[in-house]
Amino acid sequence: MTVFVTNAGMQILARVTWRRAAILLTTEVARNVEGTPLVRVVHSPSTTLPIHKVVAIKRNAYRPFAGKSMDSYASHATILRRDQWICAYCEGPADTVDHIVPVSRGGRSSFGNQVAACKSCNGFKAARTPREAGMALRHAPFVHDPWAQDQKEVWELFTLGFRSA
Ligand SMILES: [Zn+2]
């Protein structure tokens with residue numbers, strides 16, 4: 001059973017097992033977020049520990065992808081994952097990353113300037129812009145936040161609470 005770990009501002013930081021959540025709670029690193037579903041109650045001879053679906057770290061912590069923009073740096077691995085290893089030019093399998101504005105002409109390794117590309121499209125385009133190379137982008141680059149879905153779920157749990165049967 002997965003437990004969401006957030007910072008004090010309810011921004012998702014991680015997903016952990018209930019065992020890991022139990023450690024965060026007993027060491028008082030985190031607290032249960034009241035109103036979110038009860039995942040499990042752990043009993044020991046001396047204590048009863050409820051574990052909720054969302055636990056919040058008490059100290060300040062920043063969410064890794066919060067505040068990323070089109071100008072933020074993105075690694076090749078991040079871009080390939082964002083584009084699901086599909087070439088932005090021919091939609092074939094991609095394992096390289098193309099700088100839309102070539103690096104040699106000031107293009108940056110940002111979310112907004114990189115797309116997944118297959119070797120042949122990347123090689124053909126070379127140090128040209130797509131327009132110069134006569135190539136169309138099948139999709140526009142965008143900022144990919146791998147935690148977006150988890151964050152949405154945390155907000156739903158936090159704002160709607162949990163109605164037990
Ligand atoms: Zn291609």
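## Exercises on a two-domain predicted model

In strand 6, V54 is the bridge partner of F4. The exercises below start from that pair. The model is predicted: local features need pLDDT of at least 70, side-chain atom pairs count only at pLDDT 80 or more, and totals for chains, interfaces and linings use all residues. Residues are numbered from 1 along each chain as its sequence is written.

### Exercise 1. The sheet

Work out the strand order of the open sheet and the sense of each pairing.

Step 1. Fix the terms. Strands (E, at least two residues) and helices (H or I, at least four) are DSSP runs, numbered from the N terminus. Two strands pair if DSSP finds at least two bridges between them.

Step 2. Take strand 1 and strand 6. They pair in the parallel sense over three bridges, and F4 with V54 is one of the bridge pairs.

Step 3. Take strand 1 and strand 2. These pair in the antiparallel sense over five bridges. V5 has A14 as its bridge partner in strand 2, and F4 stands opposite R15 in strand 2.

Step 4. Take strand 3 and strand 6. They run antiparallel and are joined by three bridges; N32 stands opposite V55 in strand 6.

Step 5. Assemble. The four strands form an open sheet in the order 2-1-6-3, with mixed pairing. Strand 2 (12-17) and strand 3 (30-32) are the edge strands, each pairing on one side only. Neighbouring strands of the sheet are turned by 30 degrees against each other on average, direction ignored.

Step 6. Add the helix. Helix 1 lies across strand 1, strand 2, strand 3 and strand 6, and runs at about 115 degrees to strand 2. Axes here are lines fitted to C-alpha atoms, for helices over the stretch in contact, and angles run from 0 to 180 degrees between N-to-C directions.

### Exercise 2. The nonpolar cores

Identify the elements that supply the largest nonpolar core, and list the contacts of F4.

Step 1. Fix the terms. A residue is buried if 20 or more other C-beta atoms lie within 10 Å of its own, exposed if 12 or fewer, and partly exposed in between, with C-beta atoms placed from the backbone. A nonpolar core is a set of buried Ala, Val, Leu, Ile, Met, Phe, Trp, Tyr and Cys residues joined through C-beta atoms within 7 Å.

Step 2. Find the best-connected members. The largest core has 14 residues, of which V3, F4, V5, L24, A30, V54 and V55 touch the most other members.

Step 3. Trace the sources. Strand 1 (2-6), helix 1 (18-26), strand 6 (54-57) and helix 5 (148-160) each supply at least two residues of this core.

Step 4. Locate the other core. Apart from the largest one lies another core, of 13 residues, among them C87, A88, Y89 and A117.

Step 5. List the contacts (C-beta atoms, placed from the backbone, within 7 Å). Not counting residues up to four places away in sequence, F4 touches I12, R15, K53, V54, D150 and V154.

### Exercise 3. Overall dimensions

Decide whether the protein is compact or more spread out than a compact globule.

Step 1. Count the elements. The secondary structure comes to five helices and eight strands.

Step 2. Compare with the globule rule. The radius of gyration is 22 Å, well over the 15 Å that the rule gives for 165 residues, so the protein is more spread out than a compact globule. The radius is taken over C-alpha atoms, and the rule is 2.2 Å times the number of residues to the power 0.38.

Step 3. Check the extents. Along its principal axes the C-alpha trace spans about 70 × 30 × 25 Å.

Step 4. Consider the domains, whose bounds come from an automatic or database domain assignment. Domain 1 covers 2-64 + 146-159 and domain 2 covers 76-133. Their C-alpha centres lie 38 Å apart.

Step 5. Note the burial. Of the 165 residues, 25% count as buried.

### Exercise 4. Two positive phi angles

Place M10 and W85 in their loops and classify their exposure.

Step 1. M10 lies in the loop between strand 1 and strand 2. The hairpin of these strands has five residues between them, and M10 takes a positive phi near 65 degrees.

Step 2. M10 counts as partly exposed because it has 17 C-beta neighbours inside 10 Å.

Step 3. W85 is in the loop between helix 2 (76-82) and strand 7 (96-99). Its phi is positive, about 55 degrees, although W85 is not a glycine.

Step 4. With 14 other C-beta atoms within 10 Å, W85 is partly exposed.

Note on methods. Two residues are in contact if their C-beta atoms, placed from the backbone, lie within 7 Å.
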